[in-house]
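Take a moment to turn the structure around on your screen before reading on. We'll go from the whole chain down to its pockets, and then to a single residue.

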Amino acid sequence: VLILFLTTAMPAKTDLESSPDFNMGLVFRAGNIEIMFKDSELINELAFMILALKVDYELSDYVKLGAMAGYQQNHFNNPVDATTLPLSLRLEDEKSNSMMFGLSLETIPFSIDHFALNLNFQFNYFKSFLKEWDIDLPIENGIAKTRNSFFSSRIDMLLSYDGFSSFTPFIGPNLHFVSGKLRFEETIAGLDVSEEQEYQQNSLVGLSCGAKFEVGDHFDLTLRLNLFSEKSLYFTATYIF
């Protein structure tokens, strides 16, 4: 419904611009997010690094759909303990690998002169690969497994200025929400048991700033800094067909 409203409410492209545009880019993002485990209310930090490919499809001058897929590496900056298992487990500062998939919708509901308000809606899902290690005790041996899966959703409200010839600076607030589940599995003494710990982002409101640089007729480079709710550096290199 939102897409239909925006595409009908905004002015149509001219005949020379009527064909839709595809953009393809490489995305790199690294940083950390402060999270809180629900049951224990312990504060921790989820550090991450993302490398992905993104494809954008321009429905009009004012509406753009995007899809992203790639690789992500994450870890908790502080150890996480599972204490309800027969043998307590501790997840140290170990890196976990995952696949990530994302969708985005970008719109420009307002513009005047060289200023424009960009709204960007994003949803990303991260599915971690299973980590496994051996439990070696004097009497019993076993296997321990962990898996960390989570999703993130965000809304960016960025005010941009395109009065310069080769770059467009932007700044604005965002709402960013992360929710995940860390699962421990233990096989020991003939028992298969598990424990799940849910967590979510500790702070929702953030600030983003950066600039988009035009490199020739077909390349854009975007550098972006996220602060407060998420402390990260975001870089994209986009090829415009």
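What follows is a short walk through this model, from the outside in.

First, keep in mind that you're looking at a predicted model. To get a feel for its dimensions, picture a box drawn along the principal axes: the C-alpha atoms fill one of roughly 75 × 35 × 30 Å. Inside that box, the protein has one helix and 14 strands, so a good way to get your bearings is to follow the strands, which are runs assigned by DSSP and numbered from the N terminus.

How does the chain come together? Count the contacts between residues at least 6 apart in sequence, and 60% of them join residues at least 24 apart. Of the 241 residues in the protein, 38% are buried. As for the outside, the protein exposes about 13,400 Å², and 62% of that comes from carbon and sulfur atoms.

Now for the empty spaces. Rolling a probe the size of a water molecule over the atoms is a handy way to show where space is left. The largest pocket found here has a volume of about 1,300 Å³. Its lining is made of 43 residues, and the ones closest to the centre are Lys64, Glu106, Asn118, Lys212 and Asp220. Sort the whole lining by type and you get 16 charged residues, 15 polar ones and twelve nonpolar ones.

The second largest pocket holds about 280 Å³ of space. It is lined by 16 residues, with Phe37, Ser40, Leu42, Asp81 and Gln197 closest to its centre. Which strands help to build this lining? At least two residues each come from strand E2 (43-58), strand E4 (80-82) and strand E11 (191-201). E11 gives the largest share, with four residues. By type, this lining splits into six charged, five polar and five nonpolar residues.

Let's finish by zooming in on one residue, leucine 65. You'll find leucine 65 in strand E3, which covers residues 63-76. Is leucine 65 buried, exposed or partly exposed? Its relative accessible area is 29%, so leucine 65 counts as partly exposed, because that label covers values between the 20% limit for buried and the 50% limit for exposed. Now look for glutamate 106, a residue you've already met among those closest to the centre of the largest pocket. Leucine 65 and glutamate 106 sit 41 residues apart in sequence, yet their C-alpha atoms are 6.5 Å apart in space.

Conventions. Residues are numbered from 1 along each chain as its sequence is written. This is a predicted model: local features need pLDDT of at least 70, side-chain atom pairs count only at pLDDT 80 or more; totals for chains, interfaces and linings use all residues. Side-chain values use heavy atoms; hydrogens and water are left out. On a 1 Å grid over the protein atoms alone, a cavity is a set of points where a 1.4 Å probe fits but cannot get out, and a pocket is an open set with protein on both sides within 12 Å along at least five of seven lines; lining residues have an atom within 4 Å of a point. Grid points are joined across faces, edges and corners, and a volume is the space filled by probe spheres set on the points. Ala, Val, Leu, Ile, Met, Phe, Trp, Tyr, Cys and Pro count as nonpolar, Asp, Glu, Lys and Arg as charged, and the others, Gly among them, as polar. Buried means under 20% relative accessible area, exposed over 50%, partly exposed in between (1.4 Å probe, protein chains only). Contact means heavy atoms within 4.5 Å. Accessible areas come from the Shrake-Rupley method with a 1.4 Å probe; for residues, only the protein chains shown count as cover.
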